[in-house]
Amino acid sequence: MTATLAARRSGGERQLAGTGTLLRFALRRDRVMIPVWIAVNALMVLSMPNTLRNLYATDAERADLLRQMAANSSLRAMVGPVFGDSLGALTAWRVGVYAGALAAVMSLLIVVRHTRDEEESGRAELVASGAVGRRASLTAALLAAAVADAVLAVLLAAGLARLGAAGAVAFALGVAATGLVFATTAAIAAQLTESARLARGIAAGVLGAAFVLRAAGDAATDDGSSVLTWLSPLGWPENVRAYAGERWWVLLLSGAAVAVQAAVAYGLAGRRDVGMSFLPTRPGPAAGRLGSAGALAWRLQRGGVLGWSIGFFLAGVVYGGMTEGAADLVGDNERAREIFERMGGQSGLTDAFLASMIGVMGLVAALFVVASVLRLHGEETSGRAEPVLAGAVGRLRWASGHLLIAFAGVVWLMLLTGLGFTAGYGGEAGPILAACLVQVPAVWVVGGLAVLLYGLLPRAAVAAWAVAGAVLLLGWIGPALDVTQTVLDLSPFGHLPKLPGGEMRWGPVGVLLGVAALCTAAGLAGVRRRDLES
């Protein structure tokens with residue numbers, strides 16, 4: 001018996017050999033990405049108490065907010081129900097869902113990068129040839145995500161402690177637990193598919209479904225008690241009820257989900273060879289519809305475009321449905337009105353709200369264009385670009401196929417957003433569609449900067465995500481923090497006319513289009529002249 005237990009223990013240790021080294025390597029590789037994600041999330045949360053203190057300074061304003069939220073299902077669908085009128089409870093209500101979602105995205109990106117990305121590039125096979133256990137790579141990836149979520153939790157708890165220690169800890173644990181749930185979801189996805197892109201897509205799809213479930217549940221009830229809310233991992237943190245009579249036992253749901261999903265991921269990892277998967281990539285023809293570089297680019301990106309399209313249209317419908325309710329919610333609150341006017345212009349409140357929400361969708365579209373442009377970088381570093389370019393396909397022709405999808409895809413997404421707003425709000429389609437399309441030049445500038453980095457500094461191409469993150473942070477949080485207009489103008493979105501309701505200004509739009517064209521041209525010139533990375 002003793003010998004059997006010793007043998008099992010020894011076998012388990014061999015399975016995890018090298019985990020510490022791989023964990024240190026993962027944290028070293030992500031020494032920029034992880035701090036940026038943590039900083040953005042923490043800044044969003046920790047800046048909110050002061051904003052809410054200015055927005056709802058009196059007991060009467062807070063009581064009115066609770067009454068409005070109880071009656072407004074559209075707003076509950078976006079930010080969840082509010083369980084108390086204290087500053088801590090309002091902070092948990094306003095940013096809890098989005099802090100959890102950001103932690104989830106951070107965690108799933110970390111796990112996929114250090115599992116399936118490593119296998120797809122061939123590095124995992126080289127690592128496995130050394131003294132590394134079979135499950136060390138997966139364990140190191142999950143631990144890296146856990147470290148990131150733990151650091152985020154510590155920052156959130158410390159920053160919110162002045163509003164109440166128990167509530168701060170409950171909120172921080174809820175956010176970190178959400179990140180760990182989707183880290184293990186990504187670990188399963190990484191075992192199922194041969195493609196890191198598809199693994200990220202599966203995990204992101206689960207996150208999107210969780211958001212939809214929570215939104216539907218919160219729209220149905222004003223106390224988070226809907227079955228749909230309880231079925232969503234994004235609904236569990238809000239039901240912890242930080243600063244409103246904490247329910248610590250809800251955290252056990254996240255713990256159970258992490259344990260079950262981790263067990264499934266480890267079970268799948270032990271049943272396949274390195275580089276293989278349970279959903280192998282289906283081979284396709286090299287002629288006909290795939291006979292050109294543009295057609296191949298479309299085949300590679302069509303799934304992502306479809307997912308983004310559905311998300312933008314549904315978001316437009318939801319935001320459009322919120323428009324009238326938002327006007328009622330703001331009411332006579334001058335501080336809230338000022339924030340909407342900084343984001344959406346000095347027109348009437350309804351037009352200002354529409355302009356600000358359409359601007360938010362433009363900011364999100366910047367993430368799409370960066371992801372689509374950097375698909376070129378992924379094709380190059382994985383070695384898949386070399387066989388294509390070895391034939392009668394020039395570099396510019398190959399790159400143009402992906403860039404056409406990236407830049408034309410922005411126009412398509414903003415059109416879908418406009419149709420969604422029109423369907424949800426019921427207003428005239430023309431002004432709303434014009435407001436959506438005027439966001440395109442600013443998004444193209446971000447895309448042009450991504451092309452520039454990829455073409456001239458391919459090893460720093462991932463810095464395009466930092467550009468998109470900075471633009472998103474300025475546009476989303478800057479107005480609420482009273483950031484000066486000079487700082488807001490660092491973002492290309494700060495120069496756009498505020499439509500609908502504002503005056504159309506063609507000069508800034510033309511300048512932005514010129515900047516986007518110059519950056520793209522310079523980036524393509526770099527692609528043409530430099531050596532390919534391998």
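## A tour of three helix packings

Begin at helix H23, which passes helix H26 in a left-handed crossing, that is, with the near helix turned anticlockwise from the far one by less than a right angle, whereas a clockwise turn would be right-handed. The model is predicted, with local features requiring pLDDT of at least 70 and side-chain atom pairs counting only at pLDDT 80 or more, while totals for chains, interfaces and linings use all residues. Residues are numbered from 1 along each chain as its sequence is written, and side-chain values use heavy atoms, with hydrogens and water left out.

Select residues 440-456 for H23, whose axis lies 7 Å from that of H26 at an angle of about 20°; H23 is therefore roughly parallel to H26, a label for angles under 35 degrees, with over 145 called roughly antiparallel, 65 to 115 roughly perpendicular and the rest oblique. The axes are lines fitted to C-alpha atoms, for helices over the stretch in contact, and the angles run from 0 to 180 degrees between N-to-C directions. Helices (H or I, at least four residues) and strands (E, at least two) are DSSP runs numbered from the N terminus. Among the residues in contact (heavy atoms within 4.5 Å) are Trp444, Gly448 and Leu452 of H23 and Leu512, Ala516 and Cys519 of H26.

Next, select Ala517, which sits in H26 (residues 506-529) and is partly exposed at a relative accessible area of 46%. Its C-alpha is 6.9 Å from that of Gly448, although the two are 69 residues apart in sequence. By contrast, Cys519 is buried at 11% and Cys436 is buried at 0%; buried means under 20% relative accessible area, exposed over 50% and partly exposed in between, with a 1.4 Å probe and protein chains only. The structure holds zero disulfides, a disulfide being a pair of cysteine sulfur atoms within 2.5 Å.

Now move to helix H7 (residues 87-113) and helix H11 (residues 165-192), whose axes come within 7 Å and cross at roughly 35°. This crossing of H7 and H11 is right-handed. The contact includes Gly96, Ala99 and Ala103 of H7 and Val175, Gly179 and Ala183 of H11.

Finally, keep H7 selected and add helix H3 (residues 33-46), which packs against H7 at about 175° with the axes 9 Å apart, so that H3 and H7 are roughly antiparallel to each other. Trp37 and Met44 of H3 are among the residues that make this contact, as are Tyr98, Ala99 and Leu102 of H7.
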